[in-house]
Amino acid sequence: DPRSFDAARRLAERAEDLDDAGRPAEALAEYGRAAALLPPRSRAAAAVLNNLGSVALDLDLHDVAEEAFARGLEADPDDPALLYGLGAALVAKGGEVALRRAASA
């Protein structure tokens, strides 16, 4: 539906503006709304999910980031930014696990 695509584009643009303005939590929500409007296996969805994952990483929401990058890779399996983002999210999560283990020892 072209209207959904246009609405998603507007939401993604707003999310980018919010992130640029130092309001990443609000940007994350807008990217999530935009992704929900797009066909899950579209390049547009992959781009929005990459941005969502990047903002989630900035907010230390590693599980959210991992899910966003993984969903993006379902849409575009060869996208190097999504592959890098997924790796970064997994490394960040691994760091969390190591810290939890050290703290409980």
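Me: Which residues count as positive and which as negative in this chain, and how far apart are the mean positions of the two kinds of charge?
Reply: Lys and Arg count as positive and Asp and Glu as negative, while His and the chain ends are not counted. The model is a predicted one. On that count the chain has 12 positive and 19 negative charges. The distance between their mean positions is 5 Å.

Me: What pattern does the secondary structure follow along the sequence?
Reply: The chain has five helices and zero strands. Its C-alpha atoms fill a box of roughly 55 × 30 × 20 Å along the principal axes. Read along the sequence, the pattern is α-α-α-α-α.

Me: What share of the residues in the chain is buried?
Reply: Buried means under 20% relative accessible area. The accessible surface of the chain is about 6300 Å², and carbon and sulfur atoms hold 55% of that surface. Of the 105 residues, the buried share is 34%.

Me: Why do the buried residues of helix 1 line one face, and within what arc do they fall?
Reply: Helix 1 has 19 residues and spans 27 Å from its first C-alpha to its last, close to the 27 Å expected. Its buried residues are Ala8, Leu11, Ala12, Ala15 and Leu18. Seen down the axis of helix 1, these residues are confined to a limited range of directions, so they line one face; the arc is 120 degrees.

Me: Which exposed residues sit on the face of helix 1 turned away from its buried side?
Reply: The buried residues of helix 1 pack against helix 2 and helix 3. The face turned away from that buried side carries exposed residues, and these are Pro2, Arg3, Asp17 and Asp20.

Me: Which residue just after helix 1 takes a positive phi?
Reply: The phi in question is about 80 degrees, and its place in the chain is just after helix 1. The residue is Gly22.

Me: Within what arc do the buried residues of helix 2 fall?
Reply: Helix 2 covers residues 24-37 and reaches 20 Å from its first C-alpha to its last, close to the 20 Å expected. Ala27, Leu28, Glu30, Tyr31, Ala34 and Ala35 are buried in helix 2. Down the axis of helix 2 they line one face, because they fall within an arc of 170 degrees.

Me: What covers the buried residues of helix 2?
Reply: The face of helix 2 turned away from its buried side carries the exposed residues Ala25 and Ala36. On the buried side, the cover includes helix 1 (2-20), helix 3 (43-58) and helix 4 (62-75).

Me: Is Asp58 buried or exposed, and how far is its C-alpha from that of Pro24?
Reply: Asp58 is in helix 3. Its relative accessible area is 59%, so Asp58 is exposed, the cut-off being over 50%. Asp58 and Pro24 are 34 residues apart in sequence, and their C-alpha distance is 8.0 Å.

Me: Where does Asp60 lie, and what is the value of its phi?
Reply: Asp60 lies in the loop between helix 3 and helix 4. At 54% relative accessibility, Asp60 counts as exposed. Its phi is positive although the residue is not glycine, with a value near 60 degrees.

Me: How far apart in space are Tyr84 and Glu26?
Reply: Tyr84 lies in helix 5, residues 80-104. Its relative accessibility is 66%, so Tyr84 counts as exposed. Tyr84 and Glu26 are 58 residues apart in sequence, and from C-alpha to C-alpha the distance is 24 Å.

Methods. Residues numbered from 1 in each chain as written. Predicted model: local features only at pLDDT ≥ 70, side-chain atom pairs only at ≥ 80, totals over all residues. Heavy atoms only, no water. Helix = DSSP H or I, 4+ residues; strand = E, 2+ residues; numbered from the N terminus. Expected span 1.5 Å × (residues − 1). Buried < 20%, exposed > 50% of the residue type's maximum accessible area, 1.4 Å probe, protein only. Arc of directions from axis to C-beta. Contact = heavy atoms within 4.5 Å. Areas by Shrake-Rupley, 256 points an atom, 1.4 Å probe, with all protein chains shown as cover. Charge placed at Lys NZ, Arg CZ, Asp CG, Glu CD.
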